[in-house]
Amino acid sequence: MTENELAKIIVDKAYHIHKQLGPGLLESVYENILVHELKKANLQIARQVPIQFRYDDIVFEDAFRADIIVENKVLIELKSIDAISSVHFKQTLTYIKLMNLKLGLLINFNEAYIQKGIRRVANGMPEEFS
């Protein structure tokens, strides 16, 4: 399955979760539910994955944790905050670059309309879904 095909499934699951529960819950609640829904779709999921990277001769064993990685292709960074800022977008972009991934999704469940809370973060891919 391609990154775009996975992203469409992820966005659909996020939409249905938000439609049923709405905004206002803790990030961890949305994470648990999204992982559950993606597993029901028979997708390979890893959550709270410690990410290692090297800079020069320094190895960072646990530099950051990826909220969710789907099929080793798409990173999902979850939020439940008032508003996504540019730092969240940049953080997600850095994460996918360090992991050599092509696509990340930044999802803020604390929006009245989930469509406003989903940002596609591409690394060497078109910015829009094809």
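**Close-ups of a nonpolar surface patch and its chain**

**View 1. Tyr55, Ile58 and Phe60 come together as a nonpolar patch on the surface.** Between them, these three side chains offer about 310 Å² of accessible area. Keep in mind that this is a predicted model.

**View 2. Zooming in on tyrosine 55, a member of the patch.** Where does tyrosine 55 sit in the fold? Look in strand S1, which covers residues 45-55. Is tyrosine 55 buried or exposed? Its relative accessibility is 56%, and the bar for exposed is over 50%, so tyrosine 55 counts as exposed.

**View 3. Stepping back to the strands and helices of the protein chain.** Count them up and you get three helices and five strands. Follow the sequence and the order reads α-α-β-β-β-α-β-β.

**View 4. Overall dimensions of the protein chain.** Along the principal axes, the C-alpha atoms fill a box of roughly 50 × 30 × 25 Å. The radius of gyration is 14 Å, which agrees with the value near 14 Å for a compact globule, because that is what 130 residues would give.

**View 5. Inside and outside of the protein chain.** Of the 130 residues, 39% are buried. On the outside, the chain exposes about 7400 Å², and carbon and sulfur atoms supply 50% of that area. As for how the chain meets itself, take the contacts with a separation of 6 or more: 57% of them link residues 24 or more positions apart.

Conventions: Residues numbered from 1 in each chain as written. Predicted model: local features only at pLDDT ≥ 70, side-chain atom pairs only at ≥ 80, totals over all residues. Heavy atoms only, no water. Patch = residues over 30% accessible without salt bridge, like charges linked within 9 Å, V, L, I, M, F, W, Y side chains within 5 Å. Areas by Shrake-Rupley, 256 points an atom, 1.4 Å probe, with all protein chains shown as cover. Salt bridge = Lys/Arg side-chain N within 4 Å of Asp/Glu carboxyl O. Helix = DSSP H or I, 4+ residues; strand = E, 2+ residues; numbered from the N terminus. Buried < 20%, exposed > 50% of the residue type's maximum accessible area, 1.4 Å probe, protein only. Rg over C-alpha atoms; globule rule 2.2 N^0.38 Å. Contact = heavy atoms within 4.5 Å.
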